[in-house]
Amino acid sequence: SLSIIANPKFGLPFGTVPRLLLAWICTEAVRTKSPMLGLGRSQNEFLRRLGMRTDGRDCLRLRTQSLKLFSSMLSITYQNEGRIGLKNMPIADEAFVLWDPHRPDDRMLWESTLRLSNAFFKNVTDSPVPIDMRVLRALSKSPLAMDIYSWLTYRLSYTDKPTRPIRWESLMGQFGSSYNTNDMDQASRDFKKGFLKALKAVQIVYPAAR
């Protein structure tokens, strides 16, 4: 199981922006083969890299969600036959976010930077997933569609054979945390309806998915 531990000053990352950020971070780490990533000399420069608008609303979303994500830690727990193992993994060792939210077009003397933790950098570069940032941007109005695309890309990257059917309840455990679980049958039906709707959007921009 995966938990995200947040800095209480900034809170948990949520929505489409952290998904775009994580995809960009992993892509850049694989492309540059370096844990030190440049985020640009202005918010607008980095917004363009992510395919976001350069208006005030997206500037605020980027700054807010960047601080939430960069200050978070991933906690991974394994349990098997009574044995429990866990691993805590910060996303970043250091981040210098120098953008001025009140003057997003200003060019800074120094570039904002992010240095990935050794554990996170090793994980994303040892086993990269071939995510296409253009597809994620096209799906960026739906966090669920973005998650489905990333999940399908991962699964199709390591197998070209049919797999056993996956139960809707199992999928809901990974994707459907916002559904009311007091009535599991209704929650499963609602999740299935939402999942299939998002899947149709994914298949339009990812026709290779089977």
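This report describes strands, helices and selected residues in a predicted model.

## The three-stranded sheet

One sheet in the model is open and has 3 strands, in the order β2-β6-β5, with antiparallel pairing. Its edge strands are β2, residues 36-40, and β5, residues 92-96, and each of these pairs on one side only. From one strand to the next, the twist averages 15°.

Strand β6 covers residues 112-116 and is joined to β2 by 4 bridges, the two running antiparallel. Two residue pairs help to locate this contact in the structure. G40 has S112 of β6 as its bridge partner, and G38 stands opposite T113 in β6.

β5 is likewise antiparallel to β6, and 4 bridges join the two strands. Here the bridge partner of A92 is L116 in β6. As for surface exposure, β6 is mostly covered, with 4 of its 5 residues buried.

## Strands β1, β3 and β4

Another set of pairings involves β3. Strand β1, residues 2-5, runs antiparallel to β3, and 4 bridges join them. Within this pairing, I4 stands opposite L74 in β3.

β3 also pairs with strand β4, which spans residues 83-90; the pairing is antiparallel and extends over 8 bridges. One place to find it is T77, which stands opposite L86 in β4. The two strands form a hairpin with 2 residues between them. In the turn of that hairpin, E81 has a positive phi of about 50°.

## L74 in strand β3

L74 is part of strand β3, which runs over residues 73-80. The relative accessibility of L74 is 15%, and because buried means under 20%, L74 counts as buried.

The residue lies opposite I4 in the pairing of β1 with β3. L74 and I4 are 70 residues apart in sequence, but the distance in space is 4.9 Å from C-alpha to C-alpha. Leaving aside residues up to four places away in sequence, L74 touches L2, S3, I4, K87, N88, M89, I91 and F120. Of the residues in this list, I4 is also the one standing opposite L74.

## Y158 and a nonpolar surface patch

V129, Y154 and Y158 make a nonpolar patch on the surface, with an area of about 290 Å². Y158 is placed in helix α6, which covers residues 143-158.

Is Y158 buried, exposed or partly exposed? Its relative accessibility is 49%, and since partly exposed means the range between under 20% and over 50%, Y158 counts as partly exposed. Residues of such patches have over 30% relative accessible area, and the 49% of Y158 fits that cut-off.

## S188 in helix α8

Helix α8 covers residues 184-205, and S188 lies in this helix. With a relative accessible area of 11%, S188 is buried, because the cut-off for buried is under 20%.

Which residues does S188 touch, not counting residues up to four places away in sequence? They are W168, E169 and M172.

## Summary

The open sheet has the order β2-β6-β5, and β3 pairs with β1 and with β4. L74 and S188 are buried, whereas Y158 is partly exposed and belongs to a nonpolar surface patch with V129 and Y154.

Technical notes
Residues are numbered from 1 along each chain as its sequence is written. This is a predicted model: local features need pLDDT of at least 70, side-chain atom pairs count only at pLDDT 80 or more; totals for chains, interfaces and linings use all residues. Side-chain values use heavy atoms; hydrogens and water are left out. Two strands pair if DSSP finds at least two bridges between them. Axes are lines fitted to C-alpha atoms, for helices over the stretch in contact, and angles run from 0 to 180 degrees between N-to-C directions. Patches are made of residues with over 30% relative accessible area and no salt bridge: like charges are joined within 9 Å, nonpolar side chains (Val, Leu, Ile, Met, Phe, Trp, Tyr) within 5 Å. Accessible areas come from the Shrake-Rupley method with a 1.4 Å probe; for residues, only the protein chains shown count as cover. A salt bridge is a side-chain nitrogen of Lys or Arg within 4 Å of a carboxyl oxygen of Asp or Glu. Buried means under 20% relative accessible area, exposed over 50%, partly exposed in between (1.4 Å probe, protein chains only). Contact means heavy atoms within 4.5 Å.
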